[in-house]
Amino acid sequence: MSMVELYEGGLNVPEIITRWYAEEAQFNYGACIPFIGTVREEDGIEGLSFDVYEPILNGWFEAWQVKAQALGAKLKMAHSRGDVLVHESSYIAAVFSPKRRVALEMIEQFVEDFKASAPIWKYDLKNSQRLYARDRSTAIAGAGILGGKQ
Amino acid sequence: MVTIEFLGPIQKAPLTLEASSLRDVAEALKNDSEMAQWLESCAVAVNDTLVATLDTPLKAGDKVSLLPPVCGG
């Protein structure tokens, strides 16, 4: 079962996509849908920066792989840690499936759950500072028990 | 003793304390002014598994992690 690939800095998108395509070429998948997330120039940022907590990220990804396998599909994912400059890419996900419908539905569910659940923290790089993107962040489901939410 | 670690943007060194359940951890952190802004939005994991209740038991050597709101991608 493939693991999340983590890289320091921006992703080498052509290398990753080409390699994933070649790795799966002989498994009779009829559909492959990649999602590539690229850092946009916005609000004067120089880039984004990421912290990743690997143990929980890997558990989350394995649970998704099990879900994909049950549908005859396979997921791949790569993410950056540290600084990623404007116009570089920080995230790639891809679904391989026998037919298109499973891949089309799964890429949406997977990317949305990734945004809501994967233990990754984003910071804006602005004026040489690293500023937590709190307004764009989502509390993980079940958060708040230590503050009295049960 | 259990270890409490603070992930991502929470700039705080790990703590060790005596606790038999997460309720004890909640009590200890409520008195920590640095943590007040985080407690309502953090998810909690024990030994890298997310948990949903303060009744989660803890034993010596356990690791409790606090995960603030996330934003990958």
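**Entry 1: chain A, secondary structure.** I counted three helices and seven strands in chain A of this predicted model. Following the sequence, I noted the order β-α-β-β-α-β-β-α-β-β.

**Entry 2: chain A, dimensions.** I then looked up the extent of chain A. Along the principal axes, its C-alpha atoms fill a box of roughly 50 × 40 × 25 Å. I compared the radius of gyration with the rule for globules: a compact globule of 150 residues would have a value near 15 Å, and the 16 Å of chain A agrees with this. Of the 150 residues in chain A, 33% are buried. I also examined how far apart in sequence the contacting residues of chain A are. Where the partners are at least 6 apart, 75% of the contacts join residues at least 24 apart.

**Entry 3: helix α3 of chain A.** Does the length of α3(A) suit a helix, and what should its 18 residues span? At 1.5 Å a residue, I expected 26 Å, and the end C-alpha atoms are 25 Å apart, which agrees. I next asked which residues of α3(A) are buried. They are Ala103(A), Met106(A), Ile107(A), Phe110(A), Phe114(A) and Ser117(A). The cover over these buried residues includes β2 (31–38), α2, β4 (74–85) and β5 of chain A.

**Entry 4: Asp113(A).** I selected one further residue of helix α3 in chain A, Asp113(A). Is Asp113(A) partly exposed or buried? I recorded Asp113(A) as partly exposed, because 15 C-beta neighbours lie inside 10 Å, whereas a buried residue needs 20 or more. I also looked up the separation of Asp113(A) from Glu88(A), which is 25 residues away along the chain; their C-alpha atoms are 23 Å apart.

**Entry 5: chain B.** Turning to chain B, I found one helix and five strands. Their order along the sequence is β-β-α-β-β-β. The radius of gyration of chain B is 12 Å, close to the 11 Å that the globule rule gives for 73 residues, so I noted chain B as being as compact as a globular protein of that length. The C-alpha trace of chain B spans about 35 × 25 × 20 Å along its principal axes. I recorded 38% of the 73 residues in chain B as buried. Among contacts in chain B with a separation of 6 or more, 56% are between residues 24 or more positions apart.

**Entry 6: where the chains meet.** How many residues of chain A are in contact with chain B? I found 32 residues of chain A in contact with 26 residues of chain B. On the side of chain A that touches chain B, the elements giving two or more residues are α2 (54–70), β5 (89–97), α3 (100–117) and β6 (120–126) of chain A. Sorted by class, this side of chain A has 16 nonpolar, 10 polar and six charged residues.

**Entry 7: the nonpolar core.** Finally, I looked up the largest nonpolar core, which has 57 residues. Those with the most contacts inside this core are Ile92(A), Ala93(A), Val95(A), Phe110(A), Cys42(B) and Val44(B). The element that gives the most to this core is β5(A), with six residues. I followed Cys42(B) further and asked what it touches, leaving aside residues up to four places away in sequence. In chain A, Cys42(B) touches Ala143(A) and Leu146(A); in chain B, Cys42(B) touches Leu66(B), Leu67(B) and Pro68(B).

Key: Residues are numbered from 1 along each chain as its sequence is written. Chains are lettered from A and ligands numbered from 1 in the order in which they are written. This is a predicted model: local features need pLDDT of at least 70, side-chain atom pairs count only at pLDDT 80 or more; totals for chains, interfaces and linings use all residues. Two residues are in contact if their C-beta atoms, placed from the backbone, lie within 7 Å. Helices (H or I, at least four residues) and strands (E, at least two) are DSSP runs, numbered from the N terminus. Ala, Val, Leu, Ile, Met, Phe, Trp, Tyr, Cys and Pro count as nonpolar, Asp, Glu, Lys and Arg as charged, and the others, Gly among them, as polar. A nonpolar core is a set of buried Ala, Val, Leu, Ile, Met, Phe, Trp, Tyr and Cys residues joined through C-beta atoms within 7 Å. A residue is buried if 20 or more other C-beta atoms lie within 10 Å of its own, exposed if 12 or fewer, and partly exposed in between; C-beta atoms are placed from the backbone. The expected span of a helix is 1.5 Å times one less than its number of residues. The radius of gyration is taken over C-alpha atoms; the globule rule is 2.2 Å times the number of residues to the power 0.38.
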